[in-house]
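Student: Hi! I've just opened a structure that is new to me. Could you walk me through it?

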Amino acid sequence: MNQHRSVRTTIAPALLAVTALVALSACGTSEADSAAGAEDTVTVRIPDPGNSGVLALGKKDGSLDKALGEAGAKVEWTGSAGPFAPAAQAMNADQLDFATGSITSGITSLAQRPGFKFFTAVDPDAAGEGILVRDGSGIGSVADLVGKKVAVNQGGTGEYLLLKALAKARIPADKVQRVYLRPDQTAAVFNAGKVDAWAVWATYAVAEIGSGKAHFVADGAAIGSDNYSLNAVRTGFAEKHPEVVKALYGYLHAASAKEKKDPAAYLNVFTDVGPTAVTGKAEEVQTGFTAQGGTVDPIGPEDIARFEDVAAFYAEQKVTKSKVDIAAHLLDVEKLT
């Protein structure tokens with residue numbers, strides 16, 4: 001695995017997922033106000049961040065509003081977070097301006113006609129993603145997956161992790177049956193024994209590992225994953241409101257460093273009971289993953305090289321028809337003014 005930058009600290013992609021979709025639109029003043037010299041406020045529409053993560057805490061304590069306010073923007077919480085693929089489509093249709101996702105799902109979205117660029121990177125989650133198997137399954141290594149069914153999300157993190165694990169073990173991809181499922185529908189199938197393993201990331205792995213009934217047969221480190229978590233911005237928005245993009249980056253960078261030092265403070269932000277709460281062993285698992293993760297940082301040359309490796313791997317594995325040009329869809333957030 002390539003050497004990481006020493007400056008990186010953490011927000012786990014598991015929790016970054018709950019920062020997921022961020023949409024921004026201009027909210028104009030009246031003509032009279034404009035005539036009086038009042039400036040328009042950019043309304044930052046962010047789908048509800050749920051009960052965990054830096055945006056959840058930012059919503060609760062008002063710190064995100066404060067940070068964006070310095071750039072002439074404010075938050076409007078709406079909707080709910082979701083997968084990157086539909087978010088990318090929404091950005092392409094000018095319905096969203098920001099979203100969070102993995103480089104793997106990002107590449108498949110870039111293979112379409114993208115109207116967005118990536119502007120931050122979080123190092124691959126070496127501890128929190130991998131190939132999950134049930135305890136007592138008899139699967140003790142990646143080689144034991146031959147002839148088995150493995151649940152993956154098509155074109156995203158799951159499919160990447162499985163293909164990468166098989167390639168590293170020198171196992172032809174067609175020796176393992178990929179079962180394409182939405183990740184939010186997979187737990188029941190996995191626990192019912194209808195698939196033998198699940199290639200998955202921390203958002204969904206935490207509950208399974210926390211139950212004491214499942215474990216990774218290979219985690220991100222063992223697989224050699226280059227699956228970064230990224231923030232994307234609609235190209236037109238970045239051109240019109242670079243100061244808001246930079247302010248959002250600054251907030252996420254600082255908050256992710258704080259989250260690494262005190263992961264528990266970013267869990268169960270609004271409630272510690274009910275289906276959105278992370279409790280018991282799962283809470284220990286999640287805080288452990290977060291403490292080992294990476295922070296939201298600018299995209300550097302060494303990151304781009306690893307992005308290119310993922311794009312080449314996807315083309316080689318025929319997930320994409322050809323190698324996607326990642327470099328053409330990146331922004332240097334530190335140069336935004």
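Tutor: Happy to; we'll talk about cores, a sheet, aromatic pairs and one arginine. Keep in mind that this is a predicted model.

Student: Okay, cores then. Which residues have the most contacts inside the largest nonpolar core?

Tutor: Those are Phe118, Ile131, Leu145, Leu162, Phe307 and Ile326, in a core of 45 residues. Helix α7, residues 157-168, gives the most to this core, with six residues. Apart from it lies another core of 32 residues, including Val42, Leu55, Leu57 and Leu336.

Student: What is Phe307 in contact with, leaving aside neighbours within four places in sequence?

Tutor: With that restriction, Phe307 is in contact with Ile103, Ile107, Ala121, Tyr228, Leu230, Ile299, Ile326 and Leu330.

Student: And Ile131, where does that one sit? What are its partners in β9 and β10?

Tutor: The bridge partner of Ile131 in β9 is Ala199, and in β10 Ile131 stands opposite Ala218. Strand β6, residues 130-134, pairs antiparallel with β9 (residues 197-200) over four bridges. With β10 (residues 214-219), β6 also pairs in the antiparallel sense, over five bridges.

Student: Is β6 mostly covered or mostly uncovered?

Tutor: Mostly covered: five of its five residues are buried.

Student: Switching topic: what is the strand order in the open sheet of three strands?

Tutor: The order is β4-β11-β5, with antiparallel pairing. β4 (98-102) and β5 (116-122) are the edge strands, each pairing on one side only. From one strand to the next, the twist averages 30 degrees.

Student: How many bridges join β4 and β11?

Tutor: Five bridges, in the antiparallel sense. To find one spot to look at, go to Gly101, which stands opposite Leu230 in β11.

Student: Which helices go with that sheet?

Tutor: Helix α6, residues 103-110, lies across β4, β5 and β11 and runs at about 115 degrees to β4. Helix α12, residues 242-261, packs on the sheet too, touching β4, β5 and β11. The direction of α12 makes about 20 degrees with that of β5.

Student: Now the rings. How many aromatic pairs are there?

Tutor: The structure holds 11 aromatic pairs. One of them is Tyr160 with Phe313, edge-to-face, at 5.9 Å centre to centre and 85 degrees between the planes.

Student: Why does that pair tie together parts far along the sequence?

Tutor: Tyr160 lies in helix α7 and Phe313 in helix α14 (residues 301-316), so the pair ties together parts that are 153 residues apart in sequence. Both Tyr160 and Phe313 are buried.

Student: And what about Tyr228 and Phe307, how do those rings meet?

Tutor: They form an edge-to-face pair, 4.9 Å centre to centre with 90 degrees between the planes. Tyr228 is in the loop between α10 (220-223) and β11, while Phe307 is in helix α14, 79 residues apart. Both Tyr228 and Phe307 are buried. Elsewhere, Phe190, Trp198, Trp201 and Tyr204 form one aromatic cluster.

Student: Last one, Arg234. Buried or exposed?

Tutor: Arg234 has 17% relative accessibility, so Arg234 counts as buried, the cut-off being under 20%. Its place is in strand β11, residues 229-234.

Student: What does the side chain of Arg234 make a polar contact with?

Tutor: The side chain of Asp97, at 2.3 Å. Not counting residues up to four places away in sequence, Arg234 touches Met91, Asp94, Leu96, Asp97, Gly115 and Phe116.

How values were computed. Residues are numbered from 1 along each chain as its sequence is written. This is a predicted model: local features need pLDDT of at least 70, side-chain atom pairs count only at pLDDT 80 or more; totals for chains, interfaces and linings use all residues. Side-chain values use heavy atoms; hydrogens and water are left out. A nonpolar core is a set of buried Ala, Val, Leu, Ile, Met, Phe, Trp, Tyr and Cys residues joined through side-chain atoms within 4.5 Å. Buried means under 20% relative accessible area, exposed over 50%, partly exposed in between (1.4 Å probe, protein chains only). Helices (H or I, at least four residues) and strands (E, at least two) are DSSP runs, numbered from the N terminus. Contact means heavy atoms within 4.5 Å. A polar contact is a pair of N or O atoms within 3.5 Å; within protein, one must be able to donate a hydrogen and the other to accept it, and residues adjacent in sequence count only if both atoms are side-chain atoms. Two strands pair if DSSP finds at least two bridges between them. Axes are lines fitted to C-alpha atoms, for helices over the stretch in contact, and angles run from 0 to 180 degrees between N-to-C directions. Rings of Phe, Tyr and Trp (its six-membered ring) pair if their centres lie within 6.5 Å; planes under 30 degrees apart count as stacked, over 60 as edge-to-face and the rest as tilted.
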